[in-house]
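Hi everyone, and thanks for coming. I'd like to walk you through a structure that may be new to you, so please have a look at it on the screen.

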Amino acid sequence: MSPTPRAIPGTTPFDGTMARKGYALNKMCFSFNDKANRDAFLADTEGYMRQYALTPEQADAVRSGQVLQMLAAGGNAYYLAKLAGIFGLDMQDIGAQQTGVTKDEFKAKLVAANDQ
C-alpha cells in the first residue's frame with residue numbers, strides 16, 4: 001500500500017489523475033516543440049485548441065494565460081513552459097503567478113534568498 005501523498009500548500013500535485021485530466025492540454029503544449037505549431041496556435045488559437053479537443057476548463061485556462069489555472073486544468077509544468085513562452089512569459093513571470101506576487105516582488109525574493 002502506497003503512502004497517502006502529503007498536501008503541500010500552494011501546489012497542485014501532478015499524479016495519474018491529473019495526467020489523465022490534462023492529457024489534451026499537455027499534448028497540445030508538447031506540439032509547441034515545432035515552430036510551425038506555435039505559429040499556427042498564434043494564428044488561430046481557438047481552432048488550434050479545438051484540434052486538440054481541450055475541455056472548456058482547459059480552453060478557458062489557456063485563454064487566461066494564468067499558469068495556476070492551467071495547472072488546475074491538468075497541465076504539467078514542463079509542458080506549460082512551452083505555452084508560457086508563446087505568451088511571452090519567462091520563468092520569473094510564472095514564479096510570480098504561482099506565488100501571487102508581482103514579477104518585481106518575485107525577483108526580490110530570489111535575490112534575498114540568494115543573499116542568505
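I'll start with the overall picture, then go through a few helices and the loops beside them.

One thing to keep in mind throughout is that this is a predicted model. So what is it built from? The protein has 9 helices and 0 strands. If you read along the sequence, the pattern is α-α-α-α-α-α-α-α-α. The C-alpha trace spans about 45 × 45 × 20 Å along its principal axes. There are 116 residues, and 32% of them count as buried. As for contacts, take those between residues at least 6 apart in sequence: 53% of them join residues at least 24 apart.

Let's go to helix 7, which covers residues 77-86. Which of its residues are buried? They are Leu80, Leu83, Ala84 and Ile86. These residues cover an arc of only 145° around the axis, which puts them on the same side of helix 7. Here is a bit of background that helps. An α-helix has 3.6 residues a turn, so residues three or four places apart point the same way.

And what do those buried residues pack against? The list is helix 2 (23-31), helix 3 (35-43), helix 5 (56-64), helix 6 (67-72) and helix 8 (91-99).

Let me pick one of those partners, helix 2. When two helices pack, we describe them by the angle between their axes and the distance between the axes. For helix 2 and helix 7, the angle is about 55° and the axes are 8 Å apart. An angle like that is neither roughly parallel nor roughly perpendicular, as the perpendicular range is 65 to 115 degrees, and the two helices, helix 2 and helix 7, are therefore oblique to each other. Their crossing is left-handed. On the helix 2 side the contact is made by Leu25, Asn26, Cys29 and Phe30, and on the helix 7 side by Tyr79, Leu80, Lys82 and Leu83. You'll recognise Leu80 and Leu83 from the buried residues of helix 7.

Now to the ends of helix 7. Which residue caps its N-terminal end? That is Asn76, with a side-chain oxygen 2.8 Å from the backbone nitrogen of Tyr78. Asn76 sits in the loop between helix 6 and helix 7. Is Asn76 buried or exposed? Its relative accessibility is 13%, and the cut-off for buried is under 20%, so Asn76 counts as buried. Setting aside neighbours within four places in sequence, Asn76 is in contact with Phe14, Asn26 and Leu71. Asn26 is also one of the helix 2 residues in the contact with helix 7. Just after helix 7 comes Gly88, which takes a positive phi of about 80°.

Next up is helix 8. Its N-terminal end is capped by Asp90, where a side-chain oxygen lies 3.0 Å from the backbone nitrogen of Gln92. Within helix 8, Asp93, Ile94, Gly95, Ala96 and Gln97 are buried. The cover over them includes helix 6, helix 7 and helix 9.

I'd like to stop at Asp93 for a moment. It is buried, with a relative accessible area of 16%. The side chain of Asp93 reaches the backbone nitrogen of Asp90 at 2.9 Å. Not counting residues up to four places away in sequence, Asp93 touches Gly88 and Lys103. Gly88, remember, is the glycine just after helix 7. Just after helix 8 there is another glycine to look at, Gly100, with a positive phi of about 75°.

How do helix 8 and helix 9 (residues 103-115) pack? Their angle is about 95°, with the axes 8 Å apart. That makes helix 8 roughly perpendicular to helix 9. Here Gln92, Asp93, Gly95, Ala96 and Thr99 in helix 8 meet Lys103, Phe106, Lys107 and Leu110 in helix 9.

I'll finish with a backbone detail. Most residues other than glycine have a negative phi. Ala53 is not a glycine, yet its phi is positive, at about 55°. Where is Ala53? You'll find it in the loop between helix 4 (45-51) and helix 5. Ala53 is exposed, with a relative accessible area of 56%.

Thanks for listening!

Methods:
Residues numbered from 1 in each chain as written. Predicted model: local features only at pLDDT ≥ 70, side-chain atom pairs only at ≥ 80, totals over all residues. Heavy atoms only, no water. Buried < 20%, exposed > 50% of the residue type's maximum accessible area, 1.4 Å probe, protein only. Helix = DSSP H or I, 4+ residues; strand = E, 2+ residues; numbered from the N terminus. Arc of directions from axis to C-beta. Contact = heavy atoms within 4.5 Å. Polar contact = N/O pair within 3.5 Å; in protein donor to acceptor, adjacent residues only side chain to side chain. Axes fitted to C-alpha atoms, helices over the stretch in contact; angles between N-to-C directions. Parallel < 35°, antiparallel > 145°, perpendicular 65-115°, else oblique. Left-handed = near helix turned anticlockwise from the far one by under 90°.
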